[in-house]
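Me: I would like to go through this model with you, one question at a time, and to have the reasoning set out before each answer.

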Amino acid sequence: MAEQSGMGSAQLLFSIKAPQSGVDGKTHISWQPDGNYVAIAGNNRQIQVVDRYGQVVDDVALTAGGVVLDISWDKDGEVLAILQSGNSAIIMWDAAQRKTMTPVETNMKDLCWMQWSKVGPQLAVGSGKGNLIIYNRRTTRMNPLLGKHSKKITAGAWNSANQLALASEDKTITLSTEQGDLVFQDALKGEPSDILLPEALGSGGTKRLSVSISRKSLFIKSIGGDVQAPLDLSFNSKHGDIAIHRWYDDNSVMMGFQTGFVMAVSANKSNPGKELFGTQMFKFAVTGLHICPAKQRAAVCGENMVKFVDLASWKELHDEKI
């Protein structure tokens, strides 16, 4: 975490030095839902849980498995799940007791993806073979779903209806119930990634699924409410591959590209694809994009810094950066 300039009300709360999280490689950061704890994992097989003032709550040393692939809090912030390469078990850290629990053994090889439900006790775990496990933390029931996909599960998302969307290297996407029952499966023209289930805003909003296809286009499909024809939005090749996309409201979606270009377009059925915002924010790839609808701000990450966009005026805030 770094100090913020240009914003007088901001201050540095704490920072984590590289040796604590691993010198090289990807760092995983996950805030507890109520914001009291943040978990940090690097490439050194150690999870550090700190409070919002930077005080260490616990150091979780992992004795089995390889590098950490992901860390994720359940919806209540009670348990932190830890996914590792080469480990068929999911490590669980209990926030109340401040210690690890009995690992959840999946008996499945090549685990590669996981995500907690937004509204329930379910944890979905995907494998490199396309298999899926849905684990219920309350009942401790394990529901293995072999062959959900025929190749590696690469991304997934839950919605408030407790439906699970998955993307796979087999060029298909699926939507399933919390029990794993298939709602639909769609074949796509390219490999899907960065799949989202944005929540409809307001009673008249449309529930949607959006997914990047081969990092070149954005596929948007209605999955409830006012069912509309799917959209397939393509973009100028000079912007490069789509690195990440996030929804602002029911009718606009932002994207960051590998070239550092950032764009927002309309997803309204009357004017799909209309550019609302577009600027070269970085020289190199956008690595993160987060939106706060309440503040009407977007935080865009790249080149070891964070820049901001005012979503009310669709203008980059050049005087604000981290």
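Me: In which strand is the place of Trp116, and is Trp116 buried or exposed?
Reply: In this predicted model, Trp116 belongs to strand β10, which covers residues 111-116. Its relative accessible area is 4%, and since buried means under 20%, the residue in β10 is to be described as buried.

Me: Which backbone oxygen does the side chain of Trp116 reach?
Reply: Leaving aside neighbours within four places in sequence, the contacts of Trp116 include Ser72, Trp73, Val79, Ala81, Met92 and Trp158. One of these residues also offers a backbone oxygen to the side chain of Trp116, at 3.1 Å, and that residue is Ser72.

Me: What separates the C-alpha atoms of Trp116 and Lys151?
Reply: Along the chain, Trp116 and Lys151 are 35 residues apart. In space, the separation of their C-alpha atoms is 21 Å.

Me: How many residues of strand β6 are buried?
Reply: Val79, Ala81 and Leu83 point one way from β6, while Leu80, Ile82 and Gln84 point the other way, and all are buried. The strand, residues 79-84, is therefore largely enclosed by the rest of the structure, the count of buried residues being six of the six.

Me: With which strands does β6 form hairpins?
Reply: On one side, β5 (residues 68-73) pairs with β6 in the antiparallel sense over five bridges, with Val68 opposite Gln84, and the hairpin they form has five residues between the strands, Gly77 in the turn having a positive phi of about 70 degrees. β6 is also joined by four bridges to the antiparallel strand β7 (residues 89-94), where Asp94 stands opposite Val79. That second hairpin has four residues between its strands, with Gly86 in the turn at a positive phi of about 70 degrees, and so the partners asked for are β5 and β7.

Me: How many residues does the largest nonpolar core have?
Reply: Strands β2, β3, β4, β5, β6 and β7 each supply at least two residues of this core. Ile47, Ile71, Leu80, Ile82 and Trp93 are those with the most contacts inside it, and Leu80, neighbours within four places in sequence aside, is in contact with residues including Ile47, Ile71 and Trp93. In soluble globular proteins, nonpolar side chains tend to be buried together. The number of residues in the core is 16.

Me: From which residue does the backbone nitrogen lie 3.5 Å from a polar atom of the side chain of Ser212?
Reply: Ser212 is found in strand β19, residues 207-213, and counts as buried because its relative accessibility is 0%. Residues up to four places away not being counted, it touches Glu191, Asp194, Leu218 and His245, among others. The backbone nitrogen at 3.5 Å from its side-chain polar atom belongs to Arg215.

Me: Which strands stand at the edges of the open sheet of four strands?
Reply: The order in this sheet is β26-β27-β28-β29, with antiparallel pairing, and the twist averages 30 degrees from one strand to the next. Strands β27 (residues 297-302) and β28 (residues 305-310) are joined by six bridges, and Gly302 has Met305 as its bridge partner in β28. The edge strands each have a single partner, so one side of each is left without a neighbour in the sheet, and they are β26 (288-292) and β29 (315-321).

Key. Residues are numbered from 1 along each chain as its sequence is written. This is a predicted model: local features need pLDDT of at least 70, side-chain atom pairs count only at pLDDT 80 or more; totals for chains, interfaces and linings use all residues. Side-chain values use heavy atoms; hydrogens and water are left out. Two strands pair if DSSP finds at least two bridges between them. Axes are lines fitted to C-alpha atoms, for helices over the stretch in contact, and angles run from 0 to 180 degrees between N-to-C directions. Buried means under 20% relative accessible area, exposed over 50%, partly exposed in between (1.4 Å probe, protein chains only). A polar contact is a pair of N or O atoms within 3.5 Å; within protein, one must be able to donate a hydrogen and the other to accept it, and residues adjacent in sequence count only if both atoms are side-chain atoms. Contact means heavy atoms within 4.5 Å. A nonpolar core is a set of buried Ala, Val, Leu, Ile, Met, Phe, Trp, Tyr and Cys residues joined through side-chain atoms within 4.5 Å.
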